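These notebook entries record what I looked up in one structure. I followed charged side chains and their surroundings.

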Amino acid sequence: MMEEDPLFESRSPPGSSSPINSSPSRAPSPAQPAGWSATVIVLMALVLVFGALCGLYSFSSSTGAASTLHADDPRIRYTGRFWFEERIAQFSWPMTQMTISFTKTRQLSVQLHAPDQGARFRISLNGRLLRYFEVRKSGRYELVTGIEPAESYSLTLVKVSEDFSRSGATGVASLARFEADEGVEWLEVITPLLARRLEFIGDSDTCLLYT
C-alpha cells in the first residue's frame, strides 16, 4: 500500500473547517491537452534510458583499470599450497608466496585475514628485500608507498611463519585482494620463473623457519 506524502495532503485555510479541495470558490483546473500524459511518460522513459546508458559507459570505462586485484585473478602468480573459496586465497604453510606486477600507481596495499595467532610476512620489490611485517588482525596492510608511477614493478609477498595453532582453520591466513591507486595497470608477472629449483623436505630447521 502506497503512503501519501504529507506535503501533498489537503490543507484547510485559517478559519475554515472544510478542506481546500471541497471549497466551492476554487477555480477549476484548466483542461489538459490530449496526449499530454503519454508525452510526459515517454520523456521520463527517455531520461531513464539515457541515465542507464551513461552509467553503463562509466562502468565499462573504469573496469579497464580497476584499483583492486582479487585473489582469484590469473595475473597473480602463486607458489606453494593454496586453496580458493569464494574468490579468497587461503594458505598456512611457511614460504607460500604471491607475486604480482603493476604500474601507474604510487602505493600498494593488501587485504589479509589473520590466523588466530597471527602471521609474519616478507615483502620483496623487483627482487630486493623491503621489510617484514606482522599480521595480528584482519584488515588492510600497506605494502609499498611513494613509488614512481611511471615505472613497472614486481612485488612478492611471502608468508614466513608457521601455523602455530595446528587446529583446523584457526591457523589459516587468507588473501582477499591487492589495492592500488585509481588508474593502476595490473600486468602479467614480469619476473621469469627459474628453470631449475631445489626443494628441501624436512622439519622447521630444514625449511629455514623465519628466514
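**Entry 1: the charged network**

I began with R140, which is partly exposed because its relative accessible area is 48%. The model I am reading is a predicted one.

I then asked which residues are linked with R140 in a network of salt bridges. R140, R177 and E179 make up that network. In one of its pairs, the side chains of R140 and E179 meet with N and O 3.4 Å apart. R140 belongs to strand β9 and E179 to strand β11, so this pair ties together parts that are 39 residues apart in sequence.

I next looked at the pair of E179 and R177, whose side chains form a salt bridge at 2.9 Å, N to O. I also found the two side chains listed as a polar contact at 2.9 Å. R177 is partly exposed, since its relative accessibility is 27%.

**Entry 2: the setting of E179**

Is E179 buried or exposed? I recorded a relative accessibility of 16%, so E179 counts as buried; the cut-off for this class is under 20%.

I listed the residues that E179 touches, setting aside those up to four places away in sequence. They are S67, T68, Q107, L108, S109, Q111, R140 and W186. R140 thus appears in this list as well as in a salt bridge with E179.

**Entry 3: L108 and the nonpolar core**

From E179 I moved to L108, one of the residues it touches. With neighbours within four places in sequence left aside, L108 is in contact with I100, F102, E142, L143, V144, L155, F178, E179, A180 and W186. W186 is on the contact lists of both L108 and E179.

I then turned to the largest nonpolar core, which has 32 residues. Which residues have the most contacts inside this core? I noted F102, L108 and F178. At least two core residues come from each of β4 (88–91), β5 (97–103), β6 (107–113), β7 (119–125), β8 (128–135), β9 (139–145), β10 and β11 (173–180).

**Entry 4: salt bridges in the whole model**

How many salt bridges does the model contain? I recorded a count of six.

Among them I looked up the pair of E185 and K104, whose closest N and O atoms are 3.3 Å apart. E185 is in strand β12 (residues 185–187) and K104 in the loop between β5 and β6, so the pair ties together parts that are 81 residues apart in sequence. I classed E185 as partly exposed because its relative accessibility is 34%. K104 is likewise partly exposed, at 47% relative accessibility.

**Entry 5: K159, a charged residue without a partner**

I closed with K159, which is placed in strand β10 (residues 152–159). How far away is the nearest side chain of opposite charge? I found D163 at 6.7 Å; K159 is buried yet has no salt bridge. A salt bridge requires the nitrogen and carboxyl oxygen to be within 4 Å.

A polar atom of the K159 side chain does lie 2.6 Å from the backbone oxygen of S161. Beyond its neighbours within four places in sequence, I listed the contacts of K159 as F91, S92, W93, P94, M95, T96, A119, R120, F121 and A173.

How values were computed
Residues are numbered from 1 along each chain as its sequence is written. This is a predicted model: local features need pLDDT of at least 70, side-chain atom pairs count only at pLDDT 80 or more; totals for chains, interfaces and linings use all residues. Side-chain values use heavy atoms; hydrogens and water are left out. Helices (H or I, at least four residues) and strands (E, at least two) are DSSP runs, numbered from the N terminus. Buried means under 20% relative accessible area, exposed over 50%, partly exposed in between (1.4 Å probe, protein chains only). Lys and Arg count as positive and Asp and Glu as negative; His and the chain ends are not counted. A polar contact is a pair of N or O atoms within 3.5 Å; within protein, one must be able to donate a hydrogen and the other to accept it, and residues adjacent in sequence count only if both atoms are side-chain atoms. Contact means heavy atoms within 4.5 Å. A nonpolar core is a set of buried Ala, Val, Leu, Ile, Met, Phe, Trp, Tyr and Cys residues joined through side-chain atoms within 4.5 Å.
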